[in-house]
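The exercises below ask you to read packing and strand order from a model, each with a solution that proceeds step by step.

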Amino acid sequence: MKINQAIRMKKINVKRLLLIGAALIVVALLGGWAVFRYFVSVQDIGQLEVPLPAATILYDQNGTEATRISFNKIEEIGYDAIPKHMVDAVVAVEDRRYFEHDGMDMRAIGRAFWTNIIKGGTVQGGSTITQQLAKNVFLSHERTWSRKWNEVLLAKKIEENYNKQEIIGMYLNQIYYGEGAWGIERAANTYFGKQPKQLTVAEAALLAGLIKAPSALTPYKHLDKAQERRNVVLQLMKDQALISEEVYNKAIREPIQLLSSKPNRVDDISYPFYVDQIIREAMSQYGLSENEVLQGGLRIYTELDTKMQQSAEQVYATESLFPESAADQLIQSGAVLVDPRDGGIRALVGGRGEQPFRGFNRATQLKRQPGSTIKPIAVYTPALELGYKPSDELVDEPININGYEPMNADGSFHGKVSLYEALIHSYNIPAVKLLNEMGIDNGIDAATRFGIPLTEQDRTLGLALGGLHDGVSPLNMAEAFGAFANDGVRQNAHAITRIESADGEVLAVFEQSTGSEKVTDSNIARTMTAMLEGVIKDGTGVAAKLQDRPLAGKSGTTQMLGTTGYGAKDNWFVGYTPQLVGAVWLGYDQSDSSHYLSTSSKAAAVVFQALFEGALKDEPVMPFPKAPDLLPKKKDKDKDKDKDKDKDDNSDKEKEKEDKKERKEREKDKKKDRDEDDDDRGKGRNREDENRDDND
């Protein structure tokens, strides 16, 4: 009896607990719903009535406004002016249940959540078109869970105040389609020269596909990717019964016919190549999206020197400084100027001729073999670190190392030469012999320290001559050479110093401490600078020489196979003063037997000289730090020659007497040289080589 009563009491208690628990859940749900409704109600969506994207302002190194990124000339059209298949295409690829949900698609969120768990990372999102609209208009800067929460609240408020047609109309009118085209009206005109109503199903699918990644999918630069993405959209439209099988088959076969000359929407942006680098840096270094930078109303503070940038652009507009191009392809070039003391990018130019905004930036995106500009980094610096001296000698002679037979640019050999002579005249064989003697690992280690991107395929003796598998950009080379100018400390080359939101919130700051690295000893860096000054004074870099200003640097050329005489695929010059380091590349984008450099191995040095003369105008002349006295001493005959150049003769008779004496001394020297195993047998040819570049 007592047992039955206890059981009944236990059941009653369990029921009471369940009822209390259920009541608490109901209260919590009601409370949560009330809180949610409150947060939704306080969201301000008034900005939707003023949908123009805010201009992002860029400031130079002095905090002065340099330019604005503004595409706020949106030509807004009504929903009725947008063809149904354009709406269907966007819904199919971006939010298939758009017309069914109320701003938040729980199915899509659950599906994305499950996919991301299976894949072990964020590979799929669940944002609706309404959420995307909210993010684009109100939440440009945050990348947190709180932003996602705010996105949901705003989407709910938008859905309660606008109907589905109005929402997708605002979305299509505001979204960025690439090539400077904001809104569906501009996009249809930019890509196809049409009004939206005139778009075919295939054209609408292409535009819808661009929304995901406008720059990466633009058909003007990535036609195959754009077509592939278009076909994905068409398949989705068919799968969702938005188009028939017949319409699909016709659209999938339709060729992409772009407007041959698209309207330019970025004429009002100054320094487009520098702006491009800022956008790339904001995306890669600070996690912002392209849309966030382009329409977010940001305040971006940079390392830009407007004077240097303007001067660089003027140089690249001067046709006479560049070799004559082939009729069907322009010889291209890219250049960058960096302050080696802090890594600030002062100026850059990413191409010649008419270039699209956000097109290929040869100053930063190029990947080409650096030729002999790699020698100071991968050969001579590690040699000095291992105890070699600039005066140490190697024999420049034919070699065969496991089948590898490098040759000098002039096809000749120069006998015993010092490391210094080998560098300033850019002899290839001594560089290869030295790397082989040191061990390739030392060269790999040095190049890596200096920030040169290498692959496993670069672990060969070809490294000594810049024969890299992937290659480098002018920015890579400028950053690396900056370590020589900065006493062995490599600074991370960067354009951005700080990013703020429109209301002053600091979103990102460049941390100098994380961007600098001691890559070699200061005495090594100073010795390399002294050697590279010799390249300018007496070697292959004479064409880059500056008026009354110290300069160190290195030329570089890569051979165009299958050509005779001087035939080059790439021509480089990288050089520096104490306050500025620059790198210049020249070549064809598409090199072949009809498109290669054939006129001058000094082309890059000529452009470099013009860049630095303009950039450093009115800048103070600064000396390089004193280097250890390790360079080889000049031969006596060279000393006498230098003295003769500086002497002010008082009479013709005295000069004739001195000349006669000098000729006798030279005859003696020549005889002595022959008796001493032809020690200086390459000297005469060296003077001839002063005006020849390296061809690796």
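**Exercise 1.** Determine which residues of helix 2 meet which residues of helix 6, and describe the geometry of the pair.

*Solution.* Contact (heavy atoms within 4.5 Å) brings Met86, Val87, Val90, Val91 and Glu94 of helix 2 to Ile168, Tyr171 and Leu172 of helix 6. The residues of this contact divide into seven nonpolar, no polar and one charged, where Ala, Val, Leu, Ile, Met, Phe, Trp, Tyr, Cys and Pro count as nonpolar, Asp, Glu, Lys and Arg as charged, and the others, Gly among them, as polar. Next, the axes of helix 2 (residues 84-94) and helix 6 (residues 164-174) are 11 Å apart and make an angle of about 90°, axes being lines fitted to C-alpha atoms, for helices over the stretch in contact, with angles from 0 to 180 degrees between N-to-C directions. Helix 2 and helix 6 are therefore roughly perpendicular, a term that covers 65 to 115 degrees.

The model is predicted, so that local features need pLDDT of at least 70 and side-chain atom pairs pLDDT 80 or more, while totals for chains, interfaces and linings use all residues. Residues are numbered from 1 along each chain as its sequence is written, and side-chain values use heavy atoms, without hydrogens and water.

**Exercise 2.** Work out the strand order of the sheet that contains strand 4 and strand 14, and find what packs on this sheet.

*Solution.* Helices (H or I, at least four residues) and strands (E, at least two) are DSSP runs numbered from the N terminus, and two strands pair if DSSP finds at least two bridges between them. The open sheet has five strands in the order 5-4-14-13-12, with antiparallel pairing. Strand 5 (345-349) and strand 12 (552-559) each have a single partner strand, so one side of each is left without a neighbour in the sheet. Within the sheet, seven bridges join strand 4 (residues 332-338) to the antiparallel strand 14 (residues 580-587), and Gly334 stands opposite Trp585. Helix 14 (residues 306-316) lies across strand 4, strand 5 and strand 14, at about 20° to strand 5. Helix 19 (residues 474-485) also packs on the sheet, touching strand 4, strand 5, strand 12, strand 13 and strand 14, and its direction makes about 35° with that of strand 13.

**Exercise 3.** Locate the edges of the sheet with mixed pairing, and examine the hairpin of strand 1 and strand 2.

*Solution.* This open sheet of five strands has the order 2-1-3-9-10, and its edge strands are strand 2 (65-69) and strand 10 (506-509). Four bridges join strand 1 (residues 56-59) to strand 2, the two running antiparallel, with Leu58 opposite Thr67. In their hairpin, five residues lie between the strands, and Gly63 takes a positive phi near 80°. Helix 12 (residues 272-286) lies across strand 1, strand 2, strand 3, strand 9 and strand 10, at about 75° to strand 9.

**Exercise 4.** Establish how many residues of helix 17 are buried, and what covers them.

*Solution.* With buried meaning under 20% relative accessible area (1.4 Å probe, protein chains only), nine of the eleven residues of helix 17 (residues 428-438) are buried. The cover over these residues includes helix 15, strand 6, strand 7, helix 16 and helix 18. After helix 17 comes Gly439, with a positive phi near 110°.

Notes. Buried < 20%, exposed > 50% of the residue type's maximum accessible area, 1.4 Å probe, protein only. Parallel < 35°, antiparallel > 145°, perpendicular 65-115°, else oblique.
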